[in-house]
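Student: I have a structure open in the viewer and would like to learn how to read it. Where should we begin?

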Amino acid sequence: MSLLYAVFVAPFVDMATAPAFFVEVLLGGVFAGLMYSLVALGFVLIFKASGVFNFAQGVMVLFAALTLVGLMERGAPVPVALVLTVAVMVALAFAIERLVLRPLVNQEHIILFMATIGLNFFLEGFGEMLWGANVKRLDIGVPDESFQVAGVLVNKLELSAAITAALLVAVLAVFFQRTRIGRALRAVADDHEAALSIGIPLKTIWVIVWAVAGIVAIAAGVMWGAKSGVQFSLSLLALKALPVLILGGFESVPGAILGGLIIGVGEKLGEVYWGPLVGGAIENWFAYVLALAFLLFRPQGLFGEKIIERV
Amino acid sequence: MTDGTPAAPLLEVCEISVRFGALMALSRVSLEVQPGEVVAIIGPNGAGKTTLINCISGFYHPFEGRIRFAGRDRTHLSPPDVAELGIARTFQNVALFKGMSVLDNIMTGRLLKMRGSFVLEALYVGPAKRQEMEHRAFVERIIDFLEIQAIRKTSAGRLPYGLQKRVELARALAAEPKLLLLDEPMAGMNVEEKEDMCRFILDVNQEFGTTIALIEHDMGVVMDISDRVAVLDYGIKIADGKPDEVRQNPAVIDAYLGVTHS
């Protein structure tokens with residue numbers, strides 16, 4: 001009985017008795033979730049447009065953050081460094097299309113996947129060669145301080161990160177829904193041959209999605225880096241994006257966002273309210289257990305296309 | 001329809017060859033298509049018909065020979081560049097954007113016609129809005145023309161096969177092509193659907209003046225709608241002429257009845 005009480009009642013009593021703390025935990029979860037969403041978004045964009053599962057997305061986040069910090073250490077002011085980093089990520093997209101994707105066009109998915117693993121190691125080494133391997137502090141001018149709203153502590157850095165992420169997602173959504181590039185992208189995602197036949201140049205689309213994924217990586221890298229320093233562990237964010245993708249569906253942009261939020265909020269609430277029951281550290285495995293449950297009961301994810309083959 | 005006076009051909013395929021490993025898919029095949037013509041390409045399975053269409057639309061590149069379109073050499077263009085020249089095509093196994101609505105599918109056919117700023121498009125103001133509405137109006141005309149008003153909001157993947165083929169034709173037409181390549185437009189259709197499709201193909205040819213090259217198996221259909229028929233067998237063109245002449249050609253009869261090749 002006492003166990004049941006501890007699992008099903010006590011946490012909710014705690015939540016209700018300290019609502020301000022509950023909201024703080026929730027906000028922390030939303031912030032973490034948005035980071036996962038941003039990384040997952042990069043995966044989804046590339047997967048939709050080219051069917052490539054980009055293992056290097058996490059390292060792209062690290063590489064973007066390293067570049068930004070490196071430029072700032074060399075005296076570039078934040079806006080200049082940001083613009084230059086965007087330019088670097090776009091150049092990287094061109095290089096990847098030319099050197100990795102184009103020679104492997106029409107190959108099996110697994111081969112392209114292996115190529116992105118190679119890309120992963122290359123970018124990791126290249127980034128460290130250029131900018132050094134030590135942990136760097138990233139100061140984008142927003143202090144890591146909190147202020148109080150109605151008794152709830154809100155972190156300025158997390159708040160501005162959340163707003164930036166939301167804006168970025170909104171801009172991307174409008175871009176992909178309204179512009180002809182967006183329509184072309186959806187077409188490419190659906191059928192390569194047909195897209196080619198109506199005059200959509202696949203190569204250009206690939207460069208665009210990799211560039212957009214690079215820019216999303218910058219956003220994720222800046223936010224995470226500002227919070228916990230720019231270091232190798234940033235690339236491990238990609239691992240957390242995997243359960244997000246399983247939850248949201250590999251081809252769904254809203255799925256990536258919602259999946260990220262569910263996992264972020266879920267693991268923070270789990271850690272704080274249920275963690276003590278099992279000695280803590282729920283945060284580390286919660287996402288994967290949730291993903292496993294999804295694989296059992298809803299393998300296509302929340303928004304993924306239901307897998308039905310006409311035979 | 002042509003009246004027999006040969007103008008400059010719209011499409012000239014000169015002696016192209018394509019090889020897949022040891023297999024010669026096409027050997028020195030030539031084909032001319034005059035403006036305004038409906039040309040049928042026929043032949044047994046594996047004769048190289050789709051390979052020929054794939055060469056013309058830039059998906060394959062012949063290792064020898066040339067392809068000229070509207071007087072310009074374009075043997076080595078990529079599919080998007082070919083589309084830009086005004087050649088649209090459909091595929092043997094329908095290639096639609098299955099997740100999109102019928103309307104969106106057809107709108108993608110207009111992509112090459114769209115110009116202007118992405119920022120304006122995203123905001124949906126000014127010239128971008130006007131442009132979108134013009135294209136939309138054009139697409140609605142095609143929808144009326146092909147009689148698919150009732151399914152415009154349906155997602156393409158849910159449609160029965162015959163209608164998918166029709167939507168694919170609509171998407172190709174949306175690009176206002178000079179040359180339309182149809183790879184087995186009537187495969188897998190019932191008699192009624194075939195009749196509809198025949199009517200649409202002839203109407204497209206007559207009303208829009210679109211030149212059409214098509215692959216078809218149904219001999220009755222071919223004889224009815226084409227001005228000229230080219231016959232392929234084992235990658236070689238064995239006949240080319242008016243439907244009646246081709247029907248009586250002994251080589252064609254052999255190819256179809258399966259006489260052993262010496």
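**Domains and the chain contact**

Tutor: Begin with the C-alpha centres of domain 1 of chain B and domain 2 of chain B, which lie 27 Å apart. Keep in mind that this is a predicted model.

Student: How many residues does each of these domains of chain B give to the contact?

Tutor: Domain 1 of chain B gives ten residues, and domain 2 of chain B also gives ten residues. On the domain 1 side, the elements that give two or more residues are α2 (79–85) and α7 (191–207) of chain B. The largest share of that side, three residues, comes from α7(B). By class, the domain 1 side has seven nonpolar, one polar and two charged residues.

Student: Which stretches of chain B make up the two domains?

Tutor: Domain 1 takes 1–86 + 177–262, and domain 2 takes 96–176.

Student: How do I read the contact between the two chains?

Tutor: In general, the size of an interface is often given as the accessible area lost when the parts come together. Here we count residues instead: the contact takes 25 residues from chain B and 21 residues from chain A. On the chain B side, α2, α3 (102–108) and α4 (118–123) each give two or more residues. The largest share of this side, four residues, comes from α2(B). Sorted by class, the chain B side has 16 nonpolar, four polar and five charged residues.

**Sheets**

Student: What should I look for in a sheet?

Tutor: Strands of a sheet pair through backbone hydrogen bonds, either parallel or antiparallel. In chain B, four strands form an open sheet in the order β2-β1-β4-β5, with antiparallel pairing.

Student: Which strands of chain B stand at the edges?

Tutor: The edge strands are β2 (23–33) and β5 (72–73) of chain B. Each has a single partner strand, so one side of each is left without a neighbour in the sheet. Further in, β1 (residues 11–20) and β4 (residues 64–69) of chain B run antiparallel and are joined by five bridges. Leu11(B), for example, stands opposite Phe69(B) in β4(B).

Student: Is strand β9 of chain B buried or exposed?

Tutor: Six of the six residues of β9 (residues 228–233) of chain B are buried, so this strand is largely enclosed by the rest of the structure. In a regular strand the side chains alternate between the two faces of the sheet. In β9(B), Arg228(B), Ala230(B) and Leu232(B) are on one side, Val229(B), Val231(B) and Asp233(B) are on the other, and all are buried.

Student: Which strand pairs with β9(B) in the parallel sense?

Tutor: Strand β3 (residues 38–42) of chain B does, over four bridges. Within this pair, Ala40(B) has Val229(B) as its bridge partner. Strand β10 (residues 236–241) of chain B pairs with β9(B) in the antiparallel sense, over five bridges. There Asp233(B) stands opposite Ile236(B). The hairpin of β9(B) and β10(B) has two residues between the strands, and Tyr234(B) takes a positive phi near 50° in it.

**Helices of chain A**

Student: How do I tell whether a helix is straight?

Tutor: Compare the distance between the end C-alpha atoms with the span expected at 1.5 Å a residue. For the 27 residues of α9 (residues 202–228) of chain A, that span is 39 Å, and the ends are 38 Å apart, which agrees. Helix α11 (residues 253–274) of chain A has 22 residues and reaches 30 Å, close to the expected 32 Å. Helix α1 (residues 2–17) of chain A has 16 residues, but its ends are only 20 Å apart, short of the 22 Å of a straight helix.

Student: Where is the kink in α1(A)?

Tutor: A kink of about 45° lies at Val9(A), shortly before the proline Pro11(A).

Student: How many residues of each of these helices are buried?

Tutor: In α1(A) the count of buried residues is zero, and this helix is hardly covered. In α9(A), 21 of 27 residues are buried. In α11(A) the count is 16 of 22, so α11(A) is largely enclosed by the rest of the structure. Just after α9(A), Gly229(A) takes a positive phi of about 85°.

Student: What does Ser50(A) contact beyond its neighbours in sequence?

Tutor: Leaving aside neighbours within four places, Ser50(A) is in contact with Trp206(A) and Val209(A). Ser50(A) is found in helix α2 (residues 19–50) of chain A. Ser50(A) and Val209(A) are 159 residues apart along the chain, yet their C-alpha atoms are separated by 8.8 Å. Ser50(A) is buried, with 22 other C-beta atoms within 10 Å.

Terms used
Residues numbered from 1 in each chain as written. Chains lettered and ligands numbered in written order. Predicted model: local features only at pLDDT ≥ 70, side-chain atom pairs only at ≥ 80, totals over all residues. Expected span 1.5 Å × (residues − 1). Bend = angle between axes of the 7 residues up to and from the residue. Buried ≥ 20, exposed ≤ 12 C-beta atoms within 10 Å, placed from the backbone. Domains from an automatic or database assignment. Contact = placed C-beta atoms within 7 Å. Nonpolar A, V, L, I, M, F, W, Y, C, P; charged D, E, K, R; others polar. Pairing = 2+ DSSP bridges.
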